[in-house]
Amino acid sequence: MADGVVLDGVLTRLVPTAEDDLDLLARWFASPEFIEHWGGVPKSRDEVAEKYVGRRRPRVESYLVLARNTPVGYAQYWHADVAEGGIDMVLAPKARGRGLGPDAARALLAHLGANLGWRRVTVDPVRGNVRAVRAWEKAGFRQVSSGAENLLMEVRFSEGRPG
């Protein structure tokens, strides 16, 4: 189910990651500020290469989030089954608080619902990451449960549109 398509939001563009993005992604995922809420442990270059430059396609689709053609973050979606799965996203600190996260999430949701026919998309932000929880809410996600550390939020689709 690999699609490798470019996704356009109003403020953002999501482009599939490639091997050429490894240096940038390795720097980001080694930075404590970038991965603060993404496990909190810096990733090695080899781990970044294995997970974030498209090598897990088609199970996981990886994207660079661009704002005005400048990379500002990383997003991915993964398949739980044919019609549902989840999204993960992290933005560089300088890109946060500008509406870019919700915009990129809406672009992903539009693709997953309308183009791929998904019925449900989940995210699981860290409870203490209030900025991320608000950003997911702005994109249309609603909390359905909470664990000790993470919240489970979802969007359900009705005929390709969030419902």
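**Exercise on the paired strands**

Strand 7 (residues 142-146) and strand 8 form an antiparallel pair that has four bridges; starting from this pair, work out which strand also pairs with strand 8 in the antiparallel sense over four bridges, and find the bridge partner of V123 in strand 8.

Before solving, note that this is a predicted model, in which local features need pLDDT of at least 70 and side-chain atom pairs count only at pLDDT 80 or more, while totals for chains, interfaces and linings use all residues. Residues are numbered from 1 along each chain as its sequence is written, and side-chain values use heavy atoms, with hydrogens and water left out.

*Solution.* Begin with the terms: helices (H or I, at least four residues) and strands (E, at least two) are DSSP runs, numbered from the N terminus, and two strands pair if DSSP finds at least two bridges between them. On the strand 7 side, S146 stands opposite L151 of strand 8. The other partner is strand 6, which is antiparallel to strand 8 and is joined to it by four bridges; here V123 has M153 as its bridge partner.

**Exercise on strand 5**

Describe how strand 5 runs relative to strand 4 and to strand 6.

*Solution.* First take strand 4, which pairs with strand 5 in the antiparallel sense over eight bridges, with D81 opposite E84; a hairpin of two residues joins these strands. Next take strand 6, which runs parallel to strand 5 and is joined to it by three bridges, with E84 opposite R120. Finally, seven of the eight residues of strand 5 are buried, where buried means under 20% relative accessible area, exposed over 50%, and partly exposed in between (1.4 Å probe, protein chains only).

**Exercise on helix 4 and the core**

Compare the end-to-end distance of helix 4 with its expected span, and state what helix 4 gives to the largest nonpolar core.

*Solution.* The expected span of a helix is 1.5 Å times one less than its number of residues. Helix 4 has 16 residues, so it should span 22 Å, and its end C-alpha atoms are indeed 22 Å apart. Twelve of its 16 residues are buried, including A104, A107 and L108.

A nonpolar core is a set of buried Ala, Val, Leu, Ile, Met, Phe, Trp, Tyr and Cys residues joined through side-chain atoms within 4.5 Å. The largest one holds 31 residues, and those with the most contacts inside it are L14, I87, W136 and F141. Helix 4 makes the largest contribution to this core, seven residues. Separate from this core is another, of 18 residues, which includes F34 and W38.

**Exercise on L7**

Explain why L7 counts as buried, and identify residues that L7 touches beyond four places in sequence.

*Solution.* L7 belongs to strand 1 (residues 7-8), and L7 counts as buried because its relative accessibility is 6%. Contact means heavy atoms within 4.5 Å, and among the residues L7 touches are L14, Y63, A107 and H111. L14, in turn, is in contact with residues that include L7, A104 and L108.

**Exercise on two helices**

Give the packing angle and axis distance of helix 1 (residues 22-30) and helix 3 (residues 45-52).

*Solution.* Axes are lines fitted to C-alpha atoms, for helices over the stretch in contact, and angles run from 0 to 180 degrees between N-to-C directions. The two helices pack at about 115 degrees, and their axes are 9 Å apart. The residues that meet include L25 and F29 in helix 1 and V48 and Y52 in helix 3; L25 and F29 are also among the buried residues of helix 1.
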